[in-house]
Amino acid sequence: CTARVWADLLVKHAKPLVELDPAEAALDLAERSGADGIVVTGTRTGAPVDAALLATVKDAVGTFPVVLGSGLNPATAPALWPRCDGAIVGTWLKRDGVLHHPVDADRVRQLRKELERLR
């Protein structure tokens, strides 16, 4: 069994003691952390990633994998999906977008349709 390690860049539930340059922080993670990829999240659970931040990170690390850690849905996909290598999607796929509700198959179909359209 092989485990993959994904490094969360500028973690949404923490704040660095000093201001970090996102491009430098991403490059440092890519080159020195031993991680298999970088996760970029929004400011809170379900919040979309800032598209400019995502572009900065992806430009800084080149072919090193970058995935979205929050906020991907059909409305945000056009700005975000072309700039990443994948996504972790949870809250939006739940019934009514509520974390503790079951997965809503219609929402899954909607998101998949939009992502296929964009690729």
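**Notes on salt bridges, pockets and a surface patch**

1. Let's start with Asp36, which counts as partly exposed at 28% relative accessibility. Please keep in mind that the model is predicted. The salt-bridge partner of Asp36 is Arg4, with N and O 3.9 Å apart. Because Arg4 sits in the segment before β1 and Asp36 in the loop between α1 and β2 (37–40), this pair ties together parts that are 32 residues apart in sequence. Arg4 itself is exposed, its relative accessible area being 61%.

2. How many salt bridges does a search of the whole structure find? There are six. As a reminder, side chains of opposite charge can pair when their charged atoms come close.

3. Another of these pairs is Asp85 with Lys58, whose closest N and O atoms are 2.6 Å apart. The two residues are 27 apart and link distant parts of the chain: Lys58 belongs to helix α2 (residues 51–61), and Asp85 to the loop between α3 (77–80) and β4 (86–87). Lys58 is buried, at a relative accessible area of 18%, while Asp85 is partly exposed at 43%.

4. Helix α4 (residues 105–118) holds both Arg117 and Glu114, three residues apart, or about one turn of the helix. Their side chains form a salt bridge of 2.8 Å, N to O. Which of the two is buried and which exposed? Arg117 counts as exposed at 57% relative accessibility; Glu114, at 14%, counts as buried.

5. Turning to the pockets, the largest one has a volume of about 390 Å³. Its lining is made of 20 residues, and nearest the centre lie Leu10, Val11, Lys15, Pro16 and Leu53. By class, the lining of this largest pocket comprises 13 nonpolar, three polar and four charged residues.

6. The second largest pocket has a volume of about 170 Å³. It is lined by 15 residues, with Gly46, Gly71, Gly90, Thr91 and Trp92 closest to its centre. Here the lining divides into five nonpolar, nine polar and one charged.

7. You may also want to look at the nonpolar surface patch formed by Leu10, Leu17, Val18 and Leu20, which together have about 410 Å² of accessible area. Leu17 is found in the loop between β1 (6–9) and α1 and is exposed, with 89% relative accessible area.

8. Finally, a look at helix α1 (residues 22–32), where Ala25 lies. Ala25 counts as buried because its relative accessibility, 16%, falls under the 20% cut-off. In sequence, Ala25 and Val57 are 32 residues apart, yet their C-alpha atoms are 8.6 Å apart in space.

Note on methods
Residues are numbered from 1 along each chain as its sequence is written. This is a predicted model: local features need pLDDT of at least 70, side-chain atom pairs count only at pLDDT 80 or more; totals for chains, interfaces and linings use all residues. Side-chain values use heavy atoms; hydrogens and water are left out. Helices (H or I, at least four residues) and strands (E, at least two) are DSSP runs, numbered from the N terminus. Buried means under 20% relative accessible area, exposed over 50%, partly exposed in between (1.4 Å probe, protein chains only). On a 1 Å grid over the protein atoms alone, a cavity is a set of points where a 1.4 Å probe fits but cannot get out, and a pocket is an open set with protein on both sides within 12 Å along at least five of seven lines; lining residues have an atom within 4 Å of a point. Grid points are joined across faces, edges and corners, and a volume is the space filled by probe spheres set on the points. Ala, Val, Leu, Ile, Met, Phe, Trp, Tyr, Cys and Pro count as nonpolar, Asp, Glu, Lys and Arg as charged, and the others, Gly among them, as polar. Patches are made of residues with over 30% relative accessible area and no salt bridge: like charges are joined within 9 Å, nonpolar side chains (Val, Leu, Ile, Met, Phe, Trp, Tyr) within 5 Å. Accessible areas come from the Shrake-Rupley method with a 1.4 Å probe; for residues, only the protein chains shown count as cover. A salt bridge is a side-chain nitrogen of Lys or Arg within 4 Å of a carboxyl oxygen of Asp or Glu.
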